[in-house]
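Hi everyone, thanks for coming. I'd like to take a few minutes to walk through one fold with you, so let me put it on the screen.

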Amino acid sequence: MRGVYTNRRAHYEYELLERFEAGISLTGSEVKSIRAGGVDFRDAFARLAGGNVDLEGLYIPTYTEATYNNHEPRRTRRLLLHREEIAKMKRGLEQKGLTLIPTRLYAKGRYFKVELALARGKKLHDKRRAEAEKTVQRELRSL
């Protein structure tokens, strides 16, 4: 079993401002599928809807050993957060240009948690600057 699944594109595409830890509501076949591996964060995002936070677009493959009761791979999943955290996210999302994206999925005890980040999209020149800084740091480490 892999311990942590990370959204590596999130660090490249977004400037991550504030992070939140949320529980995730899963079915039994989803839990077994996550433990087997293959989670994909491509096109995943979180949305505030009716006072709740929902995770959309997270791909959890169907579990091959499951019965007729298998899950939809890209279904909307409810995230479990405290009311104060949801209010904080809502205030952040009201700012122009901010979005809520999942950065990690990991097991904590017997439960799975999702790390969400309030993020601002990077422009092309920001990505180039970050890449140049990364190259400089790599060269300094090799000396």
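Let's start with a small puzzle: in which loop is Asp43 found? Asp43 sits in the loop between H2 and S3. Before I say more, please keep in mind that this is a predicted model. What caught my eye about Asp43 is its backbone: phi is positive, about 70°, although the residue is not a glycine. Asp43 counts as exposed, because its relative accessibility is 58% and the cut-off for exposed is over 50%.

Now, the sheet. Seven strands make up an open sheet, and reading across you get S1-S6-S7-S2-S5-S4-S3, with antiparallel pairing. Strand S1, residues 4-6, and strand S3, residues 45-49, are at the edges; each has a single partner strand, so one side of each has no neighbour in the sheet. From one strand to the next, the twist averages 40°. As a reminder, strands of a sheet pair through backbone hydrogen bonds, either parallel or antiparallel.

Let me zoom in on one edge. S1 pairs with strand S6, residues 98-108, in the antiparallel sense over three bridges. If you want a residue to click on, try Val4, whose bridge partner in S6 is Tyr106. Helix H2, residues 28-36, packs on the sheet and touches S1, S5, S6 and S7. The direction of H2 makes about 75° with that of S7.

Next, what about the interior? The largest nonpolar core has 25 residues, and the ones touching the most other members are Val53, Leu58, Leu79, Leu105 and Leu116. Two or more residues each come from strand S2, H2, S4, helix H3, S6 and S7. S7 contributes the most, with four residues. In soluble globular proteins, nonpolar side chains tend to be buried together. Take Leu79 as an example: beyond its neighbours within four places in sequence, its contacts include Ala22, Ile24, Val53, Leu55, Val114 and Leu116.

One last stop, and it's a polar one. His71 lies in the loop between S4 and S5. Is His71 buried or exposed? His71 is buried, because its relative accessible area is 7% and buried means under 20%. What does the side chain of His71 reach? At 3.1 Å there is the backbone oxygen of Ile60, and a polar contact of 2.8 Å links the His71 side chain to that of Ser29. Outside the residues up to four places away in sequence, His71 also touches others, among them Thr27, Glu30, Tyr63 and Arg77.

That's my tour, thanks for listening!

Conventions: Residues numbered from 1 in each chain as written. Predicted model: local features only at pLDDT ≥ 70, side-chain atom pairs only at ≥ 80, totals over all residues. Heavy atoms only, no water. Pairing = 2+ DSSP bridges. Axes fitted to C-alpha atoms, helices over the stretch in contact; angles between N-to-C directions. Contact = heavy atoms within 4.5 Å. Buried < 20%, exposed > 50% of the residue type's maximum accessible area, 1.4 Å probe, protein only. Polar contact = N/O pair within 3.5 Å; in protein donor to acceptor, adjacent residues only side chain to side chain. Core = buried A, V, L, I, M, F, W, Y, C linked by side-chain atoms within 4.5 Å.
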